[in-house]
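Biologist: Could you walk me through this protein, starting with the overall picture and then going into the details?
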Amino acid sequence: MSKETKTQAVQLDKTIPNGAKTAAVPPIPKEKFTIIGTDDFSGDIIARPRIGYWADAWRRLRQNKVATVSLFFLILMVIMVIIGPYLNGINYEAVDNTAINQAPSAAHWFGTDALGRDLFSRVWQAGRVSIAIGIAGALIGTVVGCIYGGIAAYFGGIVDTILMRIVEVLFSIPYLLIVILISVITDSQSIFTLMLALTLTGWCNTARLVRGQMLQLKSQEFILAANALGVSPWTTIIKHLIPNTLGVILVAITFDIPSYIFSEAFLSYLGLGIKAPNTSWGALASAAQQTFAFYPYQMFFPALLIALTMLSFTLLGDGLRDALDPKLRK
């Protein structure tokens with residue numbers, strides 16, 4: 001403000017009486033001071049309801065349309081392998097010499113094979129074996145891998161070094177070689193032999209994954225508190241470390257199941273897997289490959305179910321990985 005402006009302001013102030021100055025200011029209405037919005041305690045209302053970790057993960061999984069469709073398809077597959085062999089009323093082992101290599105029809109929905117057996121019943125019966133091997137193999141590998149990786153991560157040092165070197169050695173052995181060796185030693189190609197061969201090294205990847213997760217949890221405060229209270233190492237691993245890696249373990253299971261299903265199908269296709277009278281999707285595909293040029297439908301149905309089942313488990317695993325990631329929680 002310039003000097004001339006200040007001088008004019010002082011002169012104007014002197015010419016106006018004090019009473020006139022106060023009277024010129026209008027009073028402020030009382031309604032402008034009315035308190036609004038605190039009578040109903042709206043500030044204490046929680047905008048978002050409380051929701052647990054697993055409930056929130058399930059909510060986010062349902063929002064993933066691809067994962068939801070995959071989950072419903074897998075549920076449908078489980079139902080079909082249970083009731084499928086009985087839907088058309090034909091035993092999967094029944095041989096009909098008058099219906100050899102017939103195309104799909106009203107009598108035989110998926111056609112028949114070279115012995116006249118109904119392929120619809122055999123496909124769903126084979127699905128029982130393939131899915132059972134996939135789920136059982138993944139569960140066995142997960143249990144062994146969690147315990148092994150938990151022990152290596154908890155104790156660390158020389159114990160961790162030795163256990164991880166053993167895992168690396170087992171990783172370097174092709175599972176096909178293990179299957180052949182076990183088949184020769186046991187002189188058997190049963191389901192138990194195949195499961196033993198697949199799970200003998202199938203837990204190694206889970207062990208490395210769990211070890212990496214537990215090394216991050218090992219320095220957390222609740223683990224230090226458990227050690228200070230004298231909790232045994234075994235209890236700490238089982239009740240504290242493994243449950244906190246459950247999200248990663250569930251995702252690993254969904255990826256391991258299609259791997260076991262494909263491994264069983266591959267070995268059965270090569271003639272190293274399931275043998276008659278038992279059957280699997282791989283065994284059906286192996287039997288159909290000799291006449292594929294003439295009867296392609298015999299390979300089409302088992303191959304299609306293998307592909308759809310593996311794809312569904314993989315897409316479900318992707319959805320679970322996103323749903324169980326706390327960083328993506330909104």
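Biologist: To begin with, how many helices and how many strands are there in the protein?
Modeller: Keeping in mind that this is a predicted model, the protein has 14 helices and zero strands, and the pattern read along the sequence is accordingly written as α repeated from beginning to end.
Biologist: And what share of the residues is buried?
Modeller: Of the 330 residues in the protein, 37% are buried.
Biologist: Okay, which helix is largely enclosed by the rest of the structure?
Modeller: That description fits α13, which covers residues 281-288, because seven of its eight residues are buried. The buried ones are Trp281, Gly282, Ala283, Leu284, Ala285, Ser286 and Ala288.
Biologist: What do those buried residues of α13 pack against?
Modeller: They pack against four helices, namely α4, α5, α12 (246-269) and α14 (297-323).
Biologist: Switching to the outside, which residues make the nonpolar surface patch?
Modeller: The patch, with an area of about 730 Å², is made by Phe72, Ile75, Val78, Ile79, Ile82, Ile83, Leu87 and Trp109.
Biologist: Where does Leu87 lie?
Modeller: Leu87 is in the loop between α4 (65-83) and α5 (119-155), and because its relative accessible area is 44%, Leu87 counts as partly exposed.
Biologist: Then how much accessible surface does the whole protein have, and what part of it belongs to carbon and sulfur atoms?
Modeller: The accessible surface comes to about 19500 Å², and 67% of that surface belongs to carbon and sulfur atoms.

How values were computed:
Residues numbered from 1 in each chain as written. Predicted model: local features only at pLDDT ≥ 70, side-chain atom pairs only at ≥ 80, totals over all residues. Heavy atoms only, no water. Helix = DSSP H or I, 4+ residues; strand = E, 2+ residues; numbered from the N terminus. Buried < 20%, exposed > 50% of the residue type's maximum accessible area, 1.4 Å probe, protein only. Areas by Shrake-Rupley, 256 points an atom, 1.4 Å probe, with all protein chains shown as cover. Patch = residues over 30% accessible without salt bridge, like charges linked within 9 Å, V, L, I, M, F, W, Y side chains within 5 Å. Salt bridge = Lys/Arg side-chain N within 4 Å of Asp/Glu carboxyl O. Contact = heavy atoms within 4.5 Å.
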